[in-house]
Amino acid sequence: MARDRFIPEIHVWRLLVAWLAMLACFGALSFRLWNLQVAQATEYQRRLAKQSLRSVRLPGLRGRILDRNGERLADNRPSYCVSLYLEELRQSGGIQRTVDNVMDSLYRLAETMDRPLQMTPKDVRLHLGRRTPLPLVAWRDLDETAVARFMERAADFPGVALTVEPVRVYPQGQTACHLLGYVGRADEKALPDVGDDDEPEKYHYYLPEMAGKSGVEKRLDGVLRANAGGKLEIQVDVAGFKFDEVSSRAPGKGSDVTLALDVRIQRAAEAVLAGERGAVVVIDPRNGDVLALASEPGFDPNDFVPAIPAKIWNGLLKDAARPLYNRATGGEYAPGSTFKPVTLLAALHSGQIAADTRFTCPGYFQLGSARFRCWQHWGHGSIDLQSAIRYSCNVYLFHAALECGPEAVQAMARSVGFGRETGISLDFERPGLVPDNAWKRQARRDGWRDGDTCNMAIGQGALLVTPIQMGLYVAALANGGTLWKPRLVERIDSANAVVNEIAAEPAPEGPQWVERHIRTIRAGMRDAVNEPDGSGKRAKLQDVVVAAKTGTAEYGVKGSGRKMTWMIAFAPFEDPRYAVALLVEDGVSGGTTAAPRVKQLLTQVFNEVEGRSLPLPPPLQAVPDPVPSAPAPEEEPA
Amino acid sequence: MKKRMQTGWRLFWAQDWLAILAATALLVIGLSFIYSASWRGEDTGIVGAWFSKQIWWALLGAATATALAATDYKFWLRYGWWLYFASLALLALVFVPGIGKKVYGAYRWMVIFGVPVQPSEFAKVTTVLVLARVLSSPLIQRRSFGTVLLALGLMALPFGLILKEPDLGTAAVLVPTTVIMLFAAGAAFRYLFGLGMLGLGAVAAALSPLGRFMLGEYQRERILTFLDPSRDPLGSGWNALQSAIAVGSGGWSGKGFLNGTQNVLGFLPRTVAPTDFIFPVIAEETGFIGASALLLVFAFLLTCYLRTAWTAKDPAGSLLATGIAGLLFCHVFVNVGMTIGLLPITGLPLPFVSSGGSFMVSTLAGFGLVQSVHVRRMRREV
């Protein structure tokens, strides 16, 4: 028995009880530890992450916009910034001491780089309060001199570093500005969610990110913007300063968008409109490619990066010529005589007249008590359909329209795409208007009359079209009857090399033309340019056969003499590759204002794109200010 | 001469080597995680003064332990009263302006030759010494109520002075230690039971509005936030919450040495991470496996102490070892308990592990005393 080996005063069982009690207490500690570290580990890990991790959304690199030949229309350039890392500049003992230290660095930096100070202590304090773990970007977009000055003495500035941000740039300046659009600061709440899992990702901080605000930049924003922006996880300390960058998903690169546009044609199109208000659309009649889509006057989208100064913005808004407005897709104009092929095709299609049907033009057309004048006051005499186009005779058209009836003309107008949006990939488009009985009853509280039919026959009255509709319509005339859906985007190259080719597709509900009808119309348009007495003779080229139709549409108050001057043209006649619709607001007439501009444009297109050496036409003359005394080419109904 | 040499060697070999192993392991763990808790990342290279100071204190403590183990504990028991009153005097001196040092509103420190010292740490050991002497005295009736009162009275003097500093945690440790010693000494159950009831009543009273007169406002606040940490998450509940997050986020196997974030990022305040909150640092970096292994080492060391109490040559030695074991147990239980939300935050360090000079020396002094009892234990042979 061991007991007698030990002194009796020591109660062994009491020691044993004490020992077991202590072990039991330790057991309780272990149980609690198990509870915390094993059972509830995930919950505590979540709480740890919540208090010490901050996620930052990094903007992706915006995709480029290229023309069909790879010319850059929108790109990114590096912008050099000086950033202050606050966790390295922080001072203990109150936020004011840190603010003072940051301001001290800023003063010295301003002096070193010879740049004005752009931050106030209030800005610094605000940044310290709201965006503590993020670097404070003190200067953006520094020039080479400032960067060099900083780099020389960078060692004197601990916690300050040169950082690079991508900045949107439009290398072509104003060219295609309406089409491309511009970017602006993205709304953080509207940022696309990142589809990692079911629940959308939320970020603590967002860095300045650009979003398309108009044009292709807006319409294809989701494609151009990297679909998943980067994610940076910052580990912050208890005061909120950055301790470490934990894990990050590198920001993606947006897809490059290649447009069907040819920047050479676009430039030529803008050049012929220089100084005027107007629009040019150039379509490839073979596939509906939008080769040029110009609207003048324009703006410089580079002004919008990173934010447009209020002065420039207000100037753009107040300009009476409305430079922000894309006339090519959003402008609605009466087509004037350029509409005549529609009327004639409708009449031919109805079978009421044939190509050899002749009408006599005495210079006017008597409809009841109203007299509709032909623009040639002494008349065209007895002419056939082809000559009616060549001379743009109004009286022939009145007869033709009345023969087939307004419904046939309206149906034909709709079949060439008038009265509805073309579906071009742009943010701003108007449908135009094809007036009919129902419309007139609703809008004018009056029935459709023969006078309305006569006005519509020559593209006047309430009829409204957009230049893009006209471009597609003339392309259909050129290719013999295929109305294309405009193809603005040729393909999309995503960063992971999946190329998305966008095929040409015809518009739904296109026209159904009989071949001999369209042949006659085309012949008339050829004659209008190539015959010495044709209405569009000023568009004649030396070696290339151009077919065209002019148009002069009076608008505004009756007798004001304000006219929309049009020309629609295609070339070469036998194998059309370019279909042009050109509009000049407040021109003199289609033949004198639009035709020379089309000639200039086509000359440049054939010379620059196809390598021809056509003689350059004389310089264009500016359109004189509208003169009210100019004779009205078409009469309004009495 | 030769004989004395032989005695020396015998003493050496009679050491409780398992206890030494356990204590050494705890010291190494402590030093490692003080290093981790004061580490500020590779680029800074700052480890802080904590680590190097702790090495010196550990060495000083080890020297003290060696000296105490080599000396017969009866010598210390004989001078137990002197040591007891000396430590009471030191406890009183911290309130004397010019000698005591006020830190965070508490008079716990006095500076001796430029070294800050906590007299309360030594008072704990001397109280155990004097209790061991009194309770083993043949002059007293161990089962009598008078003995219980005497022991409580001897404990109450340092308890009151320490509570006055104020240092609730350290003071509170004395109560269960005394009870454990009374229990081991053979006190009657009815008195111990009554004592337990009284203790519960005191805690309840302290929490009641009446408690304003008994405890400082911040002590009351600590106990109340313990009962509901979300009461004031950035105030006194902060440490409890951050400590629980550190421990809980460690998970099963921890984040790895130096990989804990709660102390590096300052959520566990840098001033307390190496001291009172070293356990969450360990638990975060080594997980449940490491934390429970640490508890096992403590349990092992406690077992060694109680084995010494069992094998002691006389009741005084046995009670001394039991008392030191009680101190160790209370410290570990209260410290770990408060960091994992089982007990209110009281500001008590973890023996052998936490940073702190006086505490390290007093812990190792206690260890040396137990060794002194152990080497002079009852022998089965001889």
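Start by selecting domain 1 and domain 2 of chain A in this predicted model, and look at where they touch: 29 residues of domain 1 of chain A are in contact with 22 residues of domain 2 of chain A. To set up that selection, take residues 54-259 for domain 1 and 263-301 + 327-609 for domain 2, as the domain assignment of chain A gives them. With both coloured, the C-alpha centres of domain 1 of chain A and domain 2 of chain A are found to lie 48 Å apart.

Next, restrict the view to the side of domain 1 of chain A that touches domain 2 of chain A, and highlight α7 (177-180), α8 (215-219) and β11 (256-259) of chain A, the elements that give two or more residues to that side. If you then colour that side of domain 1 of chain A by residue class, 12 nonpolar, 10 polar and seven charged residues appear.

Now bring chain B into view and select the contact between the chains, which takes 37 residues from chain A and 41 residues from chain B. On the side of chain A that touches chain B, α1 and α2 (41-52) of chain A each supply at least two residues, and α1(A) accounts for the largest share, with 17 residues. Coloured by class, the side of chain A that touches chain B shows 22 nonpolar, eight polar and seven charged residues.

Stay with α1 and select residues 12-39 of chain A together with helix α12, residues 278-311 of chain B, whose axes come within 10 Å of each other and cross at roughly 175°. Angles over 145 degrees count as roughly antiparallel, and α1(A) and α12(B) are therefore roughly antiparallel to each other. Where α1(A) meets α12(B), the residues of the contact comprise 20 nonpolar and five polar ones, with no charged residue.

Finally, recolour chain A by pLDDT, for which the average is 87, with 94% of the residues scoring at least 70. Select strand β12 (residues 278-283) of chain A to see where confidence is highest, at a mean of 96, and then strand β10 (residues 242-249) of chain A, where it is lowest, at 78. Two further stretches of chain A deserve a careful look. Over residues 195-199 of chain A the pLDDT is below 50, and beyond near neighbours in sequence this stretch has one contact in the model. Residues 628-638 of chain A also have a pLDDT below 50, and for this stretch the model has 27 contacts beyond near neighbours in sequence.

Technical notes: Residues are numbered from 1 along each chain as its sequence is written. Chains are lettered from A and ligands numbered from 1 in the order in which they are written. This is a predicted model: local features need pLDDT of at least 70, side-chain atom pairs count only at pLDDT 80 or more; totals for chains, interfaces and linings use all residues. Domain bounds come from an automatic or database domain assignment. Two residues are in contact if their C-beta atoms, placed from the backbone, lie within 7 Å. Helices (H or I, at least four residues) and strands (E, at least two) are DSSP runs, numbered from the N terminus. Ala, Val, Leu, Ile, Met, Phe, Trp, Tyr, Cys and Pro count as nonpolar, Asp, Glu, Lys and Arg as charged, and the others, Gly among them, as polar. Axes are lines fitted to C-alpha atoms, for helices over the stretch in contact, and angles run from 0 to 180 degrees between N-to-C directions. Angles under 35 degrees count as roughly parallel, over 145 as roughly antiparallel, 65 to 115 as roughly perpendicular and the rest as oblique. pLDDT is the predictor's confidence in each residue, from 0 to 100.
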